[in-house]
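I open this notebook to record what I looked up in one structure. The entries follow in the order in which I made them.

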Amino acid sequence: MSLHRNRRPVVLAMGLGLAATALLATTVQAATGTPTVALPSSPGSNKVTFNGTAPFNNGQANLLFDDINGACDPNNPNGQVFRDETHVKVTVPAKVNPVYDVLIRFQIDWKPLTPEPTEDMRLDLFGPNGKLVASSDGSQTSEGISVTAPIGGVYDMVVCAFQTGPNGQAYTGSVTASLLRPPPSRTASGVRAPAYHQFEAPKSKSNDAGEPSIGNNWKSGNTFFTSNTHEYRVDFNDKKKTSAWTLVNNKTADPSNKISLDPIGYTDSSTGRTFVSQLLFVCSGAVFTDDDFKSITPSQGCGTGINGFDHQTFGGGPYPKGMKSITGYPHAVYYCSQAQALVLGGAVCSRSDTGGLSFGAPVEIFGGKCNGIHGHVRVAPDGTVYVPNDNCAGKQGVAVSTDAGAHWTVRRVPDSYAGTSDPSVSAGRDGTLYFGYSDGTGRAKIAVSRNRGKTWSRSIDAGGPFGVHNTEFAEVIAGDGNRAAFAFLGTPTRGSTQSEAFGKNTAGTRFIGATWHLFVATTYDRGGHWTTVNAVPNDPVQRGCIWNSGGSVPCRNLLDFNDITVTKTGRVMVAIADGCVGPAIDPKANCIASPAVAKNTLTQHGAVIRQMSGKGLFAKYDVKSGGGTGQTGGSGSSGGSGSGSGSGSGGNLASTGNSAVLPLTGVAVALLGLVLGMRRRAHVVSHRTTR
């Protein structure tokens, strides 16, 4: 959430290390010198390290105020005694081959004397132009920021502490400059690319759709869209390409429609049970319905004991073999969240054996091997539970449980780099696991595992055919074991997506880049090949930066994630917060047509990107001959859950799409919190744009 919207802040949970793809040359600089590191002219890495100490607690330990002493602002002389600054010089070749990826990783690591958050640090990075590049304030023992453009000069690494002991906190700083070979990305042949249409919410509805959820009841065919404290049933008329958005959680007794630090919606596709959860600091207010909100049942909302207060997720699916519920409801339900009330760190999951009425004790899932912030929990058809994470010791990874959440194992994707936004995971009907993520290099990458993440295929660059060099908000949903869809926001513009200057001209008045679109990649051969389309090529989702940390930065509008679902007959649908709208939605805006910054009002308007043609994710419904499909439009839709299992049955769709396509292949493949409206940490940084 962001403070200016009384919503959640975001944490930039970054990595613990950077694995080079070539020989790593390491230089340790003296504390009195200026650390210097060179970007190689050919694939490889160079690294420089230094030592530092963050001074004693700077006043950020409580949640009511943020950086009250100006510790993290190099412009504020009063905060100098509360911060540690290191200027690092980065040199780059006169010409950098654009074929390669640039990854310059600024990082701090420390060993706390007591469990988090007693020693808790933050890293802000200011570029050679004096402007803020990004901020990292995760919940573990490392902070890091990645720069993906070859910009040389002197960078200012500002380290300040949320909390330390009386002697401050020593840390090791490092900067690793890497030139990397890009991941594979090849064009497919003989595959009809799916096409999509954007169904925008009416002007008066879903104006608060930052980090939306989407679910679909396969029994009734109804689609549900979670927009902060508003839950909508969305009915589609595919022939007319219109949609109706009906508010369904308007009951005064419903604790899910009052106030929220974090919204989440979840529909169990096969059972038809839909949950709405609103984070209420140490727990969540939640209800569920089995009749599409004609009636509701209150849920305990979270596990017993100490629960995570942030970034919660609901999910569910079949039990592992030999286990079952105690009420007759066929599926297990899981509640996971981050930071365990700021006492124990990490993240926890609790299981409900009563269909979500009540939950058992929370179990820590990462064991200190990953940051606390995580993606949505997903359950495979065999009952395996997965929670993805963008930083597991410098790689992206997933916590895996094969015993219904009693024990967890962390498994990493070896050719990944720690990112800045949630990855996504989904398992097909035969257990094939798909892991889509926004890589630290900026690439939209996806990997496949046939053994619950023990080993992975080589990651594929799904955005390569469109020249995508920066991605956010990965979302994956699987159907049959050999079919899955991977949706992501992408732009060809390189550089820091966190910087307010991202994509702007020098004067800051126009966008000369940083135009974001929603892309969807689909595989029909178990990740061996992917077909990627620009789902809505004439309507950007955002212009400019997408801020993944807390505070009141204007481009914090989209918040943390999108969501994805699949219908009973295989149709893919993606829920987005649309930050780039025209006058029909916002009279002050014309972001779709105009690159003028003044016309870019950075909204968070709800929309569903719905598949209109091409094969779906379930072969059962593929048309056997001709160019027709097994499903046509109407006032309703069939659907699955963006946060649940990808198992079910599904299909081929009406030939009514309107999107430009481009195929690609890949190689195998409570009150305090309510006042704040915050996630992990809320820190205002919009005023710190120059040094």
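Entry 1. I began with a single residue pair: C336 stands opposite C349 in β22. The model I am reading is predicted.

Entry 2. I then looked up the strands around this pair. Strand β22 covers residues 347–352 and runs antiparallel to β21, with 6 bridges joining the two. I also found that β21 pairs with strand β20 (residues 310–318), again in the antiparallel sense, over 7 bridges. Within β20, G315 stands opposite Y334 in β21.

Entry 3. I asked how many residues of β21 are buried. Strand β21 spans residues 331–338, and 8 of its 8 residues are buried. I noted that H331, V333, Y335 and S337 point one way from the strand, while A332, Y334, C336 and Q338 point the other way.

Entry 4. I turned to the protein chain as a whole. I recorded 2 helices and 40 strands. Of the 691 residues, 65% are buried. The accessible surface is about 22,000 Å², and carbon and sulfur atoms account for 54% of that area.

Entry 5. I looked up the largest cavity, which holds about 200 Å³ of space. Its lining has 20 residues, and S146, T420, G440, N470 and T497 are the closest to its centre. Two or more lining residues come from each of β8 (142–147) and β32 (470–478). I asked which element gives the most to this lining; β32 does, with 3 residues. By class, I listed 13 polar, 5 nonpolar and 2 charged residues in the lining of the largest cavity.

Conventions: Residues numbered from 1 in each chain as written. Predicted model: local features only at pLDDT ≥ 70, side-chain atom pairs only at ≥ 80, totals over all residues. Heavy atoms only, no water. Helix = DSSP H or I, 4+ residues; strand = E, 2+ residues; numbered from the N terminus. Buried < 20%, exposed > 50% of the residue type's maximum accessible area, 1.4 Å probe, protein only. Areas by Shrake-Rupley, 256 points an atom, 1.4 Å probe, with all protein chains shown as cover. 1 Å grid on protein atoms, 1.4 Å probe; cavity = no way out; pocket = protein on both sides within 12 Å on 5 of 7 lines; lining within 4 Å. Points joined across faces, edges and corners; volume = space filled by probe spheres on them. Nonpolar A, V, L, I, M, F, W, Y, C, P; charged D, E, K, R; others polar. Pairing = 2+ DSSP bridges.
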